[in-house]
Amino acid sequence: MESEREPVRVVIVDDEQLVRLALRLVIDGEPDLTVVAEAADGDAAITVVDEQRPDVVLMDIRMPGRDGLSTTRELLTRPAPPGALMLTTFDSDDLVLGALRAGALGFVLKDTPPARILDAVRTVADGNPVLSPAATARVIAAATGPQSSEARRSSREAARQQLSALTGRELDTARAIADGLGNPEIAERLRISVATVKAHTTNLFIKLAVENRVQIALVVRDAEQ
């Protein structure tokens with residue numbers, strides 16, 4: 001018999017009341033999820049997160065006043081911070097890349113089907129990134145498009161310097177993570193065990209000084225741009 005698990009505690013941050021209401025209705029309809037608070041701006045978000053200690057924060061990128069990126073960076077400096085899942089329309093959200101670099105575990109479009117948003121919340125609550133192939137392509141485009149050639153060269157050199165500390169198998173693992181593969185798929189590609197994949201990934205966190213798989217992927221993409 002499986003032990004009962006406490007519902008995942010979620011805070012919703014969005015300046016649009018209708019968006020918050022819609023997300024609350026969807027999330028509170030699930031027995032394993034619960035919305036513990038809402039906030040309409042970044043300053044209020046910091047207050048309610050400190051009070052409620054949620055597992056996941058659904059954070060709007062663009063808000064008046066303190067935006068979602070600044071707020072996310074602040075929240076992720078806390079001890080045992082919540083998983084940050086960014087909300088965006090992605091029309092012109094160059095801030096998404098910055099959020100991922102700051103440590104957010106992923107992002108969802110506001111018009112994403114409810115079932116996928118729920119899956120994303122659960123995935124982030126488990127400490128795993130949310131990276132669909134289409135969304136990853138948009139992030140890569142954002143990473144490489146607006147930069148000047150000098151800025152791109154600088155970030156490429158810095159990323160290659162980070163990767164130079166890796167063993168061959170660790171580098172293979174990092175590239176597989178950047179391709180969006182999970183541990184079983186990486187194990188199959190590299191013909192190693194899942195336990196070995198996990199060990200390589202742990203080493204990547206340490207050697208690259210990153211906190212999650214999203215940031216590993218970004219280092220690889222920077223090195224290859």
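**Close-up 1. Strands S3 and S4 pair in the parallel sense over five bridges.** The model is predicted. S3 spans residues 56-60 and S4 spans residues 83-88. Val-57 of S3 has Ala-84 as its bridge partner in S4. The chain leaves S3, passes through helix H3 (residues 68-75) and reaches S4. This β-α-β crossover is right-handed.

**Close-up 2. Strand S1 also pairs with S3 in the parallel sense.** S1 covers residues 8-13, and four bridges join the two strands. Ile-12 has Leu-58 as its bridge partner in S3.

**Close-up 3. Strand S3 is covered on both faces.** In a regular strand, side chains alternate between the two faces of the sheet. In S3, one side carries Val-56, Leu-58 and Asp-60. The other side carries Val-57 and Met-59. Five of the five residues in the strand are buried.

**Close-up 4. Asp-60 of strand S3 carries a UniProt annotation.** The unreviewed entry lists Asp-60 under "modified residue: 4-aspartylphosphate". Asp-60 counts as buried because its relative accessible area is 3%, under the 20% cut-off.

**Close-up 5. Asp-60 and Lys-110 form a salt bridge between their side chains.** The N to O distance is 3.3 Å. The pair links distant parts of the chain, 50 residues apart. Asp-60 sits in S3, whereas Lys-110 sits in the loop between strand S5 (106-109) and helix H5 (114-125). Asp-60 is buried, at 3%. Lys-110 is partly exposed, with a relative accessibility of 28%. Across the whole structure, a search finds 18 salt bridges.

**Close-up 6. Helix H5 holds a salt bridge between Arg-122 and Asp-119.** The closest N and O atoms are 3.7 Å apart. The two residues are three positions apart, about one turn of the helix. Both are partly exposed: Arg-122 has a relative accessible area of 23%, and Asp-119 is at 44%. Elsewhere, salt bridges that share partners join Asp-43, Asp-50, Arg-66, Glu-74 and Arg-78 into one network.

**Close-up 7. Arg-78 and Glu-74 meet through their side chains in a salt bridge.** The N to O distance is 2.5 Å. Glu-74 is partly exposed, at 28% relative accessibility. Both residues belong to the network that includes Asp-43, Asp-50 and Arg-66.

**Close-up 8. Leu-18, Leu-21 and Leu-25 make a nonpolar surface patch.** The patch has an area of about 340 Å². Leu-25 lies in helix H1 (residues 17-28). Leu-25 counts as exposed because its relative accessibility is 60%, over the 50% cut-off.

Definitions and conventions
Residues are numbered from 1 along each chain as its sequence is written. This is a predicted model: local features need pLDDT of at least 70, side-chain atom pairs count only at pLDDT 80 or more; totals for chains, interfaces and linings use all residues. Side-chain values use heavy atoms; hydrogens and water are left out. Patches are made of residues with over 30% relative accessible area and no salt bridge: like charges are joined within 9 Å, nonpolar side chains (Val, Leu, Ile, Met, Phe, Trp, Tyr) within 5 Å. Accessible areas come from the Shrake-Rupley method with a 1.4 Å probe; for residues, only the protein chains shown count as cover. A salt bridge is a side-chain nitrogen of Lys or Arg within 4 Å of a carboxyl oxygen of Asp or Glu. Buried means under 20% relative accessible area, exposed over 50%, partly exposed in between (1.4 Å probe, protein chains only). Two strands pair if DSSP finds at least two bridges between them. A crossover is right-handed if, with the strands pointing away from the viewer, the path from the first strand over the helix to the second runs clockwise. UniProt positions are given in the numbering used here, feature names are shortened, and annotations may be inferred rather than shown by experiment.
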